[in-house]
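Me: I'm new to this one. Can you put it up and walk me through it?

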Amino acid sequence: MPLETPVHVANELASRGYNAEPEAVTLLASTPDPAGALDRTLETVPDDVIVLTADHVKEVVDTRSRSGGSPTRTDPKSSPDTSAHPPDGPPSRDPSVSTGTGDSEPSDGGGAAAVETGGSRSGTGDGSATGSAAGDGSATGSAAGDGSAAGGGRTPADPAQQSVAVEGDIQSTGTGEYSDFVAVFRDRYEKLSKQLRGRVNHRPTDAIESMPGNSEAAMVGMVSDIRSTASGHWLVELEDTNGTFPCLVMKDRDIADLVNELLLDEVIAVDGTLADDGGILFVDSLYFPEIPRTYEPSTADREVEAALISDVHVGSQEFEADAWHRFTDWLHTADADRVEYLLVAGDMVEGVGVYPNQDEELDIVDIYEQYERFSEYLKEVPGDMEIIMIPGNHDAVRLAEPQPAFDEELRDIMTAHDARISGNPSTVTVEGVDVLMYHGVSLDEVIAELPDEKASYDEPHKPMYQLLKKRHVAPQFGGQTRLAPEEEDYLVMESVPDIFHTGHVHKLGYGKYHNVLAINSGCWQAQTDFQKSVNIDPDVAFAPIVSLDTLDLRIHDFE
Ligand code: D5M
Ligand code: FE
Ligand code: ZN
């Protein structure tokens with residue numbers, strides 16, 4: 001196979017079981033004989049290497065002679081365009097930007113009732129956003145976009161009033177050893193069992209094993225197996241730091257309905273009665289770590305808003321540049337005066353070699369050029385806005401979670417707006433409001449495992465509710481979601497966020513779960529061939545705007 005582009009090089013490496021630093025890929029692609037250089041490099045790297053680095057390539061390849069190579073990264077300094085719009089065709093100056101009124105209906109607190117309601121977009125195709133009030137305690141999206149231009153320009157924000165603190169830029173310490181996996185699961189168990197301890201008087205598995213038959217018993221454990229028995233009951237095996245114990249949930253009990261919410265590796269508590277022989281626990285109650293129903297979110301002290309977006313996918317042929325321009329044009333209007341923060345929850349760029357055949361839909365094939373272009377798009381955002389970004393599965397950082405923040409090289413490319421850059425997941429405290437930003441790869445898994453009414457692509461806030469309930473952003477290990485072995489489980493929600501912001505599934509959905517505002521923020525990429533083949537109909541170019549003083553929401557449609 002000729003390897004004339006970085007995409008081909010990345011695919012070839014992937015097919016041989018290697019991940020690679022972006023720089024390694026571009027170095028290989030820029031040699032006169034990329035296929036030969038790749039072969040020679042792989043011959044020299046030690047057997048235990050799984051990520052090819054630029055240094056590996058440099059040892060084999062004379063990187064000074066780049067004649068004949070395909071064009072690769074552009075020098076950022078010679079980037080031809082420093083004006084507001086990147087050079088990708090005529091920017092749309094359509095004045096018909098959305099003009100949300102911002103006067104969202106106040107949520108009707110309604111006591112303790114029906115907190116799990118939510119709204120998801122049901123598009124009407126007339127350019128207006130349709131997030132509607134959805135019962136007690138749910139988010140209220142007011143209609144936006146009556147086609148008229150907003151009057152006047154933006155008044156710049158006062159930096160003295162702004163405040164952002166970011167937590168989540170992890171320093172990876174994992175070595176990939178088996179013992180690291182043990183450590184990360186042990187830490188998960190420790191952190192989550194602490195949250196469950198108040199609810200049951202639990203005993204370790206070895207103590208339960210020595211209890212007499214018919215005793216009342218409770219335990220906290222990680223779900224290690226879920227099976228249905230021949231008679232249709234559920235056998236849930238729980239594991240703690242001492243061992244495992246089988247727990248039986250009878251099919252005719254109310255709690256049987258909770259079994260279909262369980263994911264492997266999540267931590268729960270149960271209590272019930274031991275069988276006559278003491279060898280199995282008949283479960284009476286099942287508890288998740290949970291968000292307390294009485295949780296009172298923090299709010300900002302002044303009227304200020306944040307735009308929550310994700311999945312920009314610059315570099316894809318389907319990236320909707322015109323919609324992006326309409327969004328950033330709107331940010332410059334008076335209607336967006338209070339929008340002082342922009343949070344981007346991953347997938348800034350389309351990346352290379354993320355999915356099979358993805359290269360056929362690439363507009364920009366060099367990963368660095370994709371970031372350079374993304375940086376140009378960021379320049380359209382008003383300079384007084386604070387930007388906070390975390391990576392997603394299309395970005396050029398390791399795929400396993402927690403994902404570290406972008407490296408220095410990528411930060412250098414994205415200096416345009418002095419954005420704050422952190423890992424995935426991160427908790428960002430914006431004027432006192434804790435926003436848990438997580439890209440959302442685990443949502444695919446939650447949606448695949450749980451019944452439709454509890455988690456579906458059409459209502460992406462519902463799988464988010466499940467993650468909140470489990471107090472973990474990616475409970476199930478394996479499948480799509482890769483877990484990096486670290487000393488600690490950084491994916492546990494140790495504290496309750498005020499806002500939970502995800503993306504990844506390219507669908508807009510929002511609602512409140514025990515007063516926590518959950519928002520999955522759609523995308524800026526039109527439907528790809530793959531998405532067409534599996535009937536994913538993305539919600540493109542919506543910008544959910546949250547009032548940080550009330551946690552009300554308005555949705556703008558820039559399509
Ligand atoms: O993925 C956006 C959504 O589409 C997410 O739910 C995964 C799914 N998706 C997209 N492309 C693929 C392929 N090729 N295989 C499996 N699933 C896919 P994102 O990764 O954010 O682009
Ligand atoms: Fe995405
Ligand atoms: Zn994604």
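Reply: Here is a short tour, topic by topic. This is a predicted model: local features need pLDDT of at least 70, side-chain atom pairs count only at pLDDT 80 or more, and totals for chains, interfaces and linings use all residues. Residues are numbered from 1 along each chain as its sequence is written, chains are lettered from A and ligands numbered from 1 in the order in which they are written, and side-chain values use heavy atoms, with hydrogens and water left out.

Me: How many helices and strands are in the protein?
Reply: The protein has 13 helices and 21 strands. Both are DSSP runs numbered from the N terminus: helices are H or I with at least four residues, strands are E with at least two.

Me: What share of the residues is buried?
Reply: Of the 559 residues, 55% are buried. Buried means under 20% relative accessible area, exposed over 50%, and partly exposed in between, using a 1.4 Å probe on protein chains only.

Me: And the contacts?
Reply: Among contacts with a separation of 6 or more, 72% join residues 24 or more positions apart. A contact is heavy atoms within 4.5 Å.

Me: On to the metals. Which residues coordinate the iron ion?
Reply: For the iron ion (ligand 2), they are D311 (OD), H313 (NE2), D347 (OD) and H506 (NE2), at 1.9 to 2.3 Å. Donors are N, O and S atoms within 2.8 Å of the metal (3.2 Å for Na, K and Ca); water is not among the atoms, so sites may look incomplete. The spacing of these donor residues in sequence is D-x1-H-x33-D-x158-H.

Me: Are D311 and H313 buried or exposed?
Reply: D311 and H313 are both buried.

Me: What about the zinc ion's protein donors, which are they?
Reply: The zinc ion (ligand 3) has D347 (OD), N393 (OD1), H439 (NE2) and H504 (ND1), at 2.2 to 2.3 Å. Their sequence spacing reads D-x45-N-x45-H-x64-H.

Me: How far apart are the iron ion and the zinc ion?
Reply: The two ions are 3.1 Å apart, and D347 coordinates both. D347 sits in the loop between β12 (339-345) and α9 (367-378), and H504 in the loop between β17 (499-502) and β18 (508-513), so this pair ties together parts 157 residues apart in sequence. Both D347 and H504 are buried.

Me: New topic: rings. How many aromatic pairs are there?
Reply: The whole structure has 10. Rings of Phe, Tyr and Trp (its six-membered ring) pair if their centres lie within 6.5 Å; planes under 30 degrees apart count as stacked, over 60 as edge-to-face and the rest as tilted. Take F319 and Y377: their ring centres are 4.9 Å apart and their planes at 70 degrees, so the pair is edge-to-face.

Me: Where do F319 and Y377 lie?
Reply: F319 is in the loop between β11 (305-309) and α8 (321-331) and Y377 is in helix α9, so the pair ties together parts 58 residues apart in sequence. F319 and Y377 are both buried.

Me: Got another pair?
Reply: W324 and W524 have ring centres 5.4 Å apart and planes at 80 degrees, so they are edge-to-face too. This pair links distant parts of the chain: W324 is in helix α8 and W524 in the loop between β19 (516-521) and α13, 200 residues apart. W324 is buried at 1% relative accessibility, and W524 is buried at 0%. Ring pairs also join W324, F327, W330, W524 and F558 into a cluster.

Me: Now empty space. How big is the second largest pocket?
Reply: The second largest pocket holds about 560 Å³. Among its 25 lining residues, Y355, H394, T528, F530 and Q531 are the closest to its centre. The lining has 7 nonpolar, 11 polar and 7 charged residues. Helix α13 (residues 529-533) gives the largest share, 3 residues.

Me: What do those words mean?
Reply: On a 1 Å grid over the protein atoms alone, a cavity is a set of points where a 1.4 Å probe fits but cannot get out, and a pocket is an open set with protein on both sides within 12 Å along at least five of seven lines; lining residues have an atom within 4 Å of a point. Grid points are joined across faces, edges and corners, and a volume is the space filled by probe spheres set on the points. Ala, Val, Leu, Ile, Met, Phe, Trp, Tyr, Cys and Pro count as nonpolar, Asp, Glu, Lys and Arg as charged, and the others, Gly among them, as polar.
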